[in-house]
Amino acid sequence: MSPPFDRAAILAEARAWIGTPYLHRASLKGHGADCLGLVRGIWRAVVGPEPEALPAYAPDWAEACRRETLADTARRHLVVVPLAEAQPGDVLLFRFRDHLPAKHAALLSEAGRMIHAYDGASVCETALTPWWRRRLAYVFAFPGVG
């Protein structure tokens, strides 16, 4: 049996979010999203209801808690993929400093490109530059997608 969605559906949904303004903790296409809100919105559109409630988090949560909260949550609901095997439609998690937890999420859109939301910009598709590649910490696939 094939999943009810595929990588093309994931990418189409991600691209539908492009232009959504950045808004911390938000996840409403066209109105506001942060990086996690983008992934949550894609999940709702292609998988279904979110699997767990979103806890409160401040913009500096990773620096303050020093736990891999984002990666641990991803492990509960997504499928771990080796970094070198990332495919379009996979979720990418980045850490901004080696000693800090991963705190930024994006979606690989094609080789060398990603879709993400970040403070000061709308959801956009950008190059996965060497700066980002050096900070890539985890890759996850949506469940049921090969």
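Let's call a residue buried when its relative accessible area is under 20%, exposed when that figure is over 50%, and partly exposed in between. Keep that in mind as we walk through this predicted model, going from one salt bridge to the next.

Start with D90, which sits in the loop between β3 (79-81) and β4 (91-94). Its relative accessibility is 0%, so D90 counts as buried. What does D90 touch, once residues up to four places away in sequence are set aside? The list runs to R7, V81, E85, A106, L107, L108, V139, F140 and A141.

R7 is the one to click on in that list. The side chains of D90 and R7 are joined by a polar contact of 2.8 Å, and the two side chains also meet in a salt bridge, 2.8 Å from N to O. This pair links distant parts of the chain: R7 belongs to helix α1 (residues 7-16), while D90 is back in that loop between β3 and β4, 83 residues apart. And R7 is buried, just as D90 is.

Now stay with helix α1 and move along to R15. Here the side chain of R15 meets that of E110 in a salt bridge, with 3.7 Å between N and O. E110 lies in strand β5 (residues 104-110) and R15 in helix α1, so this pair ties together parts that are 95 residues apart in sequence. Buried or partly exposed, then, for these two? E110 has a relative accessible area of 37%, so it is partly exposed. R15 comes in at 34%, which makes it partly exposed too.

For another salt bridge, head over to E52 and R76, whose side chains meet at 3.0 Å, N to O. E52 is in the loop between α2 (35-46) and α3 (61-65), and R76 is in helix α4 (residues 69-77), so the pair ties together parts that are 24 residues apart in sequence. With a relative accessible area of 32%, E52 is partly exposed.

Some of these bridges share partners, and R15, E110, R113 and E125 are joined into one network that way. So when you go back to R15 and E110, look for R113 and E125 as well, because shared salt-bridge partners put those four in one network.

How many salt bridges does the structure hold? There are ten, among them R7 with D90, R15 with E110 and E52 with R76.

Notes. Residues are numbered from 1 along each chain as its sequence is written. This is a predicted model: local features need pLDDT of at least 70, side-chain atom pairs count only at pLDDT 80 or more; totals for chains, interfaces and linings use all residues. Side-chain values use heavy atoms; hydrogens and water are left out. Helices (H or I, at least four residues) and strands (E, at least two) are DSSP runs, numbered from the N terminus. Buried means under 20% relative accessible area, exposed over 50%, partly exposed in between (1.4 Å probe, protein chains only). A polar contact is a pair of N or O atoms within 3.5 Å; within protein, one must be able to donate a hydrogen and the other to accept it, and residues adjacent in sequence count only if both atoms are side-chain atoms. Contact means heavy atoms within 4.5 Å.
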